[in-house]
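Dear colleague,

I am handing over the structure below, together with some notes on the contacts between its side chains. Please look through it first and then read on.

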Amino acid sequence: MLKAELRYKEFIYRRPATTSRGTYTQKNVWFILLFDEDHPQIKGIGECSLFPGLSIDDREDFEPTLKTVVDSINRGTFDFSTPLLEFPSIQFALETAQKDLQANGTKLLFPSAFTRGEDFIRINGLIWMGDRRDMENQIDQKLSQGFSCVKMKIGAIGFEDEFEVLTQLRKRYPASDLEIRLDANGAFAPAEALEKLKRLSELTVHSIEQPIRQKQIEEMAKLCAETPIPIALDEELLGIFPREKKEQLLNEIQPQYIILKPGLLGGTELSEEWIEAADQRNIGWWITSALETNIGLNAIAQWTYTLQKDMPHGLSTGALFENNIQSPLNLEGERLYYSPERHWEVEELV
C-alpha cells in the first residue's frame, strides 16, 4: 500500500532574491515523500514549489490541504488520477514523487542523453534586480562565465537607470553576440507600457516577460498586437484550467511567447497542455524554473531536455541557496549538465 510523509526545510538564498514584488532572503519548502509500505527504504521525493505572492496556492489553507492530501494517501483514499488544479505546487510534488518512486528513488525521472551525462541544456544567465552598480557587476560576471543570453529583471530601481544599464550593455555586446531577455514581472502601467517597449526596442531586445500585470486581458492583447518587442506571458498563465481556458487565453491575447514554469503550473503533464496549444498557434515558448531547490529543478531540467527545444531555458537557479540539496546537476557557464558520477545527498529528507 502506498504511503506518504511530509518534510519541511528552510533554504537560505546566497544573495537576496529581488523582484518587483519584493525581496526574499529564504525559501520555506515542503517535500512529499511516497513509498510502498512493504519497501519503506525506497522513497520518491517531490517538492512543493510554492512562490510567495505569486503561486495561486499561496493561501491560508495550503498547509492544511497538504496535510489532508498526505492523510488521504495513507488511508488509501486519495485519487491520483484527478489533478489538484487549485494547488499546483502540491500537484507538482505528487507528480515528481510518483516518478521518482517508479524510478526506485534514483531521481532519474526522464532518462536521456542528458541524465547519462552525454549532453547539456543551454540556459540564460539570470540578472537580479539591484542598484545600478550591482546589476552591472552581475552582468559582467555572467559574461565572463561565457553566457550568450542573459535575462534581466527590471522594474525595481527606476526605468531610466535600467535603460542606461541596458544601453551600455548593448554598446559593449551587439545582438549577434548577446541575446537580452527582459522580465518586468508586471511592473509597467498599461498606459505607459507601449512607450517603454518602443524605447527598449532600440536595444534589440529578444523579448520581455509580462510587461503589465496579469488579468488585464484586453490591455495585454492590445499590447501584444502593437509591441515592437516580442512579449512573453508568464504570470498570466497561472491558475488557468482546464485546457479549453488555456486555448481561450492564447486566442484572446495572441502573445509572441509563453513561459512555462512547471512548478507553478501543476507539473510537466499540465505544462504540456500549454505547449500543445502554443504550437498549434505558432506561439513560441521556453521553460523556466521558479526558485526551486535541486529536487524540483532536477525534475524540470530532465523534462526540458526531452522536449528538444534548442534555445536557452531559464534553469539557472540551482546555485541560489547556501544549503541546497547536493545533486548531480552541474552548471558550467551557460551549460547545465547532469553528472551521473555525482551522488544525491537526500539523507536529511528521507
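Two rings of Phe, Tyr or Trp, the six-membered ring being taken for Trp, are called a pair here if their centres lie within 6.5 Å. Please keep in mind that this is a predicted model. With that meaning of a pair, the structure holds twelve aromatic pairs.

One of these joins Phe-11 and Phe-31, whose ring centres are 6.1 Å apart. Their planes stand at 70 degrees, and because planes over 60 degrees apart count as edge-to-face, this pair is edge-to-face. The contact links distant parts of the chain, since Phe-11 belongs to strand β1 (residues 2-19) while Phe-31 belongs to strand β2 (residues 22-36), 20 residues apart. Both Phe-11 and Phe-31 are buried. They are also members of a cluster, in which ring pairs link Phe-11, Tyr-13, Phe-31 and Phe-321.

Aromatic rings also take part in contacts with charged side chains. Lys-43 lies over the face of Phe-35, at 4.9 Å from the ring centre, and the charged end of Lys-309 sits over the ring of Trp-285, 4.5 Å from its centre.

Turning to contacts between charges, side chains of opposite charge can pair when their charged atoms come close. The structure holds 20 salt bridges, and Arg-59 takes part in a salt bridge with Asp-61, where the closest N and O atoms are 2.6 Å apart. Arg-59 has a relative accessible area of 34% and is therefore partly exposed, and Asp-61, at 30% relative accessibility, likewise counts as partly exposed.

Arg-59 forms a salt bridge with Glu-86 as well, with 3.4 Å between the closest N and O atoms. This pair links distant parts of the chain, 27 residues apart, with Arg-59 in the loop between β3 (39-47) and α1 (62-75) and Glu-86 in the loop between α1 and α2 (88-102).

A further salt bridge runs between Arg-116 and Glu-118, the closest N and O atoms being 3.3 Å apart. Glu-118 counts as exposed, because its relative accessibility is 55% and the limit for that class is over 50%. Elsewhere, salt bridges that share partners join Lys-151, Lys-153, Asp-183 and Glu-209 into one network.

With best wishes

Key. Residues numbered from 1 in each chain as written. Predicted model: local features only at pLDDT ≥ 70, side-chain atom pairs only at ≥ 80, totals over all residues. Heavy atoms only, no water. Salt bridge = Lys/Arg side-chain N within 4 Å of Asp/Glu carboxyl O. Buried < 20%, exposed > 50% of the residue type's maximum accessible area, 1.4 Å probe, protein only. Helix = DSSP H or I, 4+ residues; strand = E, 2+ residues; numbered from the N terminus. Phe/Tyr/Trp six-rings, centres within 6.5 Å; stacked < 30°, edge-to-face > 60°. Lys NZ or Arg CZ within 6 Å of the ring centre and 35° of its normal.
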